[in-house]
Amino acid sequence: MGMRPNYHISPKHGFLNDPNGLAQFQGKYHVFYQWLPDVVPQGNKIWRHCVSEDLIHWSDQGCGLKPEEWYEKNGCYSGSGITEGDSYYLFYTGNVRDSEGGRETYQCLASSSDGVNFHKEGPVVYLPEGYTPHFRDPKVWKKNGRWWMVVGAQTKELKGNVALFVSYDLKKWQWKGNMLDSSMDWGYMCECPDLADMGERQFLIVSRQKEDGCKGMVFAGIMDYEQGRFHISEDTGVLLDEGFDFYAPQTFTDESGRRLLMGWIGAGEIEYQMSQPTVKEGWLHVLTIPREVYVKNDRLYQKPAEELKHLRKNEESICGTGEIAIDRHSKCMEILAEGLENQTITFDFGKVIKFLYKKESGNLLVFRKKWNGEGYDEKEIHLDKLEDFRIYLDQSTAEIFLNQGEKVLTMKSYFTEDTLIHMNSELQIKVKTWLLEEE
Ligand code: FRU
């Protein structure tokens, strides 16, 4: 089995990046991802297509969109999906390069009536004045009887922003201008924008490229559809995920009305990416588990989709104080600790992931073992209190949900067979574990 995850979407071979075109169509969940058949980070990207009935078992459908036409000849770049009536529509960026390294960008449409064959309808949005060709990743949604599209942009002043468009028929789009206040620092490019309209509250999700790195951020605010402006309520956004490896998240609303999110467990400098041990197995990167986003305390929380519970097998429960050791001989597990009272607590999974929560400071120190050197990568995050944690481990990834998803940490973590769990608590705690393995 190597390092391939069991219940995460991963490519059989080649390179995976952003989740694309997420939707539930005629009952089935569809996920595409940016894909190259070889393990190289750059090239003419393809949309690889996966389908699931239950969000936990995914079947690979092969290539969904391949760069074949003039307007996408150097890649079918990221985009989104929506369903309307009997049709499933995909919006994506056609990437075109010339021999001098110049770039052209077209926001394109493809449609399907069966969720299998997608018919390309060509560009529907051309680059408006005022932007560089770093203009991509259309995300479409419906509100007040109209269709809205956000596109990640770089202005001629080399500043990040998000362009807004509106349409009545999905084919003719009117440009409404920049959606974000340009006096704020949005880095030099905003990739993969997404407006999660949660009713009373709206959240802008954006993968912001800034000199200090590329990060998946979320900003709470109010969307003024008439003016075409998003007014943020705080002047600093927060990381959508505090882990080491998370980027390009996208949300969609499913047929039951839940808003689900998936992101890319990858990104980072090219040398960092290419140093991952799975490269030797001929594949690189995975998508996150599907997470449900919801609003609590005016913030966006994330919890694993309920369906993940169907993977649970062989429940074991342990109750104790002080040093606790659990050995489940598995690298595919769920670990749940709830009702944690105010206490200092340490957790260690196979010496690959460790964390220490200090009740005095409210700081959580997180350590992830390096695979390409000695020692650990480290992070410190603040939590007023630690009430619970839920961890999903899957061969080479870990997703840690703290306080019912107030904060999430996603990271690559290469577990060995020695996967003993050690915990140390001041007060009595109860920990449940499940194996999440194939029969
Ligand atoms: C984000 C991104 C997108 C682009 C895609 C290309 O990771 O750079 O902006 O559409 O990847 O694969």
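Which residues of the largest nonpolar core touch the most other members?

## Nonpolar cores

This is a predicted model. Its largest nonpolar core holds 78 residues. Within that core, L65, Y92, M149 and V162 touch the most other members. A second core is separate from it and has 36 residues. I345, L364, I400 and V408 are among its members. In soluble globular proteins, nonpolar side chains tend to be buried together.

Take Y92 as a case. Neighbours within four places in sequence are left aside here. Y92 then contacts N20, W47, L65, C76, Y77, S78, G79, C108 and P138. One of these partners, L65, is also named among the core residues that touch the most other members.

## Ligand shell

Thirteen residues surround the ligand: Q34, Y77, S78, E191 and A248 come nearest of the 13. Several strands supply two or more residues to this shell. They are β1 (14–25), β5 (76–84), β9 (131–143), β13 (189–198) and β18 (247–253).

What is the make-up of the shell, by nonpolar, polar and charged residues? Four residues are nonpolar and four are polar. Five are charged.

## The β5-β6-β7-β8 sheet

Four strands build an open sheet, ordered β5-β6-β7-β8, with antiparallel pairing. The edges are β5 and β8 (119–126). Each edge strand has a single partner, so one side of each lacks a neighbour in the sheet. On average, neighbouring strands here are turned by 25° against each other, direction ignored.

Look next at one pair inside this sheet. Strand β7 (residues 103–112) runs antiparallel to β8, and six bridges join the two. Y106 has Y126 of β8 as its bridge partner.

## The β4-β3-β2-β1-β20 sheet

Another open sheet has five strands, in the order β4-β3-β2-β1-β20. Its pairing is mixed. The edge strands are β4 (59–65) and β20 (283–284), and each of them pairs on one side only. Strand β1 of this sheet also gives two or more residues to the ligand shell.

Strand β3 (residues 46–52) pairs with β4 in the antiparallel sense, over four bridges. V51 is matched there with S59 of β4 as its bridge partner.

## Strand β25

Why is strand β25 (residues 332–338) largely enclosed by the rest of the structure? Five of its seven residues are buried, so the surrounding structure largely encloses β25.

Two strands pair with β25. With strand β30 (residues 389–394), β25 forms six bridges in the antiparallel sense. E334 has Y392 of β30 as its bridge partner. With strand β33 (residues 421–435), β25 again pairs in the antiparallel sense over six bridges. Here E338 has K430 of β33 as its bridge partner.

## The loop at G268

Where does G268 sit? G268 lies in the loop between β19 (259–265) and α1 (270–274).

Is G268 buried, exposed or partly exposed? G268 has 17 other C-beta atoms within 10 Å, so G268 counts as partly exposed. A buried residue would need 20 or more, and an exposed one 12 or fewer.

Leaving aside neighbours within four places in sequence, G268 contacts D245 and Q273. K215 is 53 residues from G268 in sequence. In space, the two are 9.6 Å apart, C-alpha to C-alpha.

Methods: Residues numbered from 1 in each chain as written. Predicted model: local features only at pLDDT ≥ 70, side-chain atom pairs only at ≥ 80, totals over all residues. Near = placed C-beta within 6 Å. Nonpolar A, V, L, I, M, F, W, Y, C, P; charged D, E, K, R; others polar. Pairing = 2+ DSSP bridges. Axes fitted to C-alpha atoms, helices over the stretch in contact; angles between N-to-C directions. Core = buried A, V, L, I, M, F, W, Y, C linked by C-beta atoms within 7 Å. Contact = placed C-beta atoms within 7 Å.
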